[in-house]
2 protein chains.
Amino acid sequence: MDNSPHILIVDDDREIRDLLGRFLEKHGCRVTTAAEGRAMRAALDDWSIDLIVLDLMLPGEDGLTLCRDLRANSAIPIIMLTAMGEETDRIVGLEVGADDYVPKPFNPRELLARIKAVLRRAGESADARPAANGETAQFAGWTLDLGRRHLQSPEGAAVTLTAGEFELLVAFIEHPQRVLSRDQLLDFTRGRSAAPFDRSVDIQVSRLRRKIEPDAAAPELIKTVRSGGYLFTPAVERS
Amino acid sequence: MDNSPHILIVDDDREIRDLLGRFLEKHGCRVTTAAEGRAMRAALDDWSIDLIVLDLMLPGEDGLTLCRDLRANSAIPIIMLTAMGEETDRIVGLEVGADDYVPKPFNPRELLARIKAVLRRAGESADARPAANGETAQFAGWTLDLGRRHLQSPEGAAVTLTAGEFELLVAFIEHPQRVLSRDQLLDFTRGRSAAPFDRSVDIQVSRLRRKIEPDAAAPELIKTVRSGGYLFTPAVERS
DNA sequence: TGAATTTGTAACGGCGTGTAACAGATTCCA
DNA sequence: TGGAATCTGTTACACGCCGTTACAAATTCA
């Protein structure tokens with residue numbers, strides 16, 4: 001399962017989540033599931049999701065509301081599941097910003113086909129996101145300019161980062177003071193999941209530490225959490 | 001698929017998008033699709049579109065509005081799809097600036113013929129457009145005069161650019177602080193898609209860097225994003 | 001304490017990128 | 001129209017990034 005799309009299934013029906021999840025995994029997707037809005041947001045925070053399959057009918061916040069909220073600050077493709085195939089639902093779903101909709105009950109194969117189609121289209125118009133325009137982040141005296149991909153030390157010296165180091169640092173900055181597993185870090189930086197005995201994250205952490213830690217032997221900024229992952233300790237301020 | 005016209009299909013009906021898209025691709029076009037206005041704008045931002053096939057009836061913003069907006073600041077040829085062949089639609093469509101209209105249901109062959117006709121006409125009158133008259137863009141102290149194709153360094157010295165270098169710089173200036181793939185850059189500058197092992201973009205970037213980067217060994221303006229493409233880092237101001 | 005597990009990192013090699021050099025294509029000019 | 005000058009893509013090779021492997025060090029557990 002390398003470099004495969006990461007699908008988030010949001011449905012209150014456990015059976016649908018499990019069956020659909022297994023089906024998609026068998027067909028080359030990584031899958032995370034959530035039963036309602038709160039869990040959905042948690043999953044979006046924990047992983048780099050490529051596409052959301054969102055049930056229209058949910059307890060608590062319903063799918064339409066979630067969909068509108070998602071659209072407000074992200075461009076993640078959404079496929080809506082609607083209980084009835086009514087025209088009104090379709091219109092409303094598309095109006096609210098869904099990329100496609102599938103009426104229940106659905107054929108998993110058809111859903112998979114639509115997922116692929118939506119992902120293909122999304123890939124074409126991929127980097128429509130403003131890519132952190134002009135934003136900068138400060139931590140422990142350091143300044144990272146997201147737009148210019150430029151890092152400055154507390155003393156004012158420019159430190160050049162390779163693409164991989166930059167991506168890793170961005171992942172840390174976007175999730176500070178949280179333990180991030182190697183799997184999550186790989187997902188954030190490379191959009192793929194870890195293979196067994198995959199040490200690539202360790203290596204990149206080691207290389208990044210050499211550039212930003214005053215003493216790489218006693219790291220302060222990026223701490224190791226044994227059998228957990230890594231933790232970015234400084235507070236991050238963005239502007 | 002080289003140097004072929006890049007068609008953008010805007011229609012909320014997935015089936016029409018897919019079928020028509022495949023048909024056009026089979027007949028020597030490159031195709032990108034969008035379900036509604038938001039996706040259409042994203043696609044226009046990401047690619048150099050030669051012609052838009054635009055459905056009159058769309059959820060959210062309807063085709064007429066989109067068409068009028070498009071005409072306000074671009075000359076991209078537009079073919080409207082109208083649900084009924086009513087005279088009024090035709091009149092309104094043409095009034096709003098569409099180059100042709102095709103009533104639904106339509107024969108793909110006929111649509112293709114009209115696309116070719118409109119493209120031929122557009123190609124003839126292409127050089128007639130004043131090409132951003134008198135506009136200039138500033139970035140990192142440099143000034144680029146779009147009309148005169150003239151570049152001035154921060155010190156005030158004139159730097160002559162070849163046509164290819166100029167087109168590349170314009171592509172960067174029109175999409176600053178975004179990672180642009182080699183494929184996108186080829187589309188912007190030459191209107192074609194990349195062949196496997198195509199290094200032409202790399203070469204042009206290398207040549208442009210030599211002219212505008214203070215230190216070509218440590219580029220600041222045009223950064224490389226490994227396995228992603230290139231990124232124009234400075235903020236761009238236009239006047 | 002010793003074994004098992006986990007992490008740090010040196011070393012190597014595959015692969016993506018930078019660029020020199022050449023050749024084909026295009027433009028310019030008489 | 002023909003030849004020169006210029007521009008642009010291809011080829012070839014060097015370099016640097018990054019993942020794998022291997023082994024040492026640190027930590028945990030019995």
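**Close-up views of the protein–DNA contacts**

**View 1. Polar contacts to DNA strand D in the predicted model.** In the side chain of B:Arg190, an N or O atom is placed 3.1 Å from a phosphate oxygen of DNA strand D. A phosphate oxygen of this strand also lies 2.7 Å from a backbone N or O atom of A:Gly164, whereas B:Arg226 brings a polar side-chain atom to 3.2 Å from a base nitrogen of DNA strand D.

**View 2. The protein surface near DNA strand D.** Of the 22 residues around DNA strand D, those that come nearest are A:Thr162, A:Gly164, B:Thr162, B:Gly164 and B:Arg207, and 53% of the strand's atoms that come within 4 Å of the protein belong to sugar and phosphate. At least two residues of this surface are supplied by each of α6 (163–174) and α8 (200–212) of chain A and α6 (163–174) and α8 (200–212) of chain B. By residue class, the surface comprises 10 charged, 8 polar and 4 nonpolar residues.

**View 3. The residues around DNA strand C.** DNA strand C is surrounded by 24 residues, of which A:Arg199, A:Thr224, A:Tyr230, B:Thr224 and B:Tyr230 are the closest. This surface divides into 13 charged, 6 polar and 5 nonpolar residues, and α8(B) gives the most to it, with 6 residues.

**View 4. Polar contacts to DNA strand C.** A polar side-chain atom of A:Tyr230 is found 2.7 Å from a phosphate oxygen of DNA strand C, and a polar backbone atom of B:Ser227 is likewise 2.7 Å from a phosphate oxygen of this strand. The side chain of A:Arg226, by contrast, has an N or O atom 3.2 Å from a base oxygen of DNA strand C.

Conventions: Residues numbered from 1 in each chain as written. Chains lettered and ligands numbered in written order. Predicted model: local features only at pLDDT ≥ 70, side-chain atom pairs only at ≥ 80, totals over all residues. Heavy atoms only, no water. Near = heavy atom within 4 Å. Polar contact = N/O pair within 3.5 Å; in protein donor to acceptor, adjacent residues only side chain to side chain. Helix = DSSP H or I, 4+ residues; strand = E, 2+ residues; numbered from the N terminus. Nonpolar A, V, L, I, M, F, W, Y, C, P; charged D, E, K, R; others polar.
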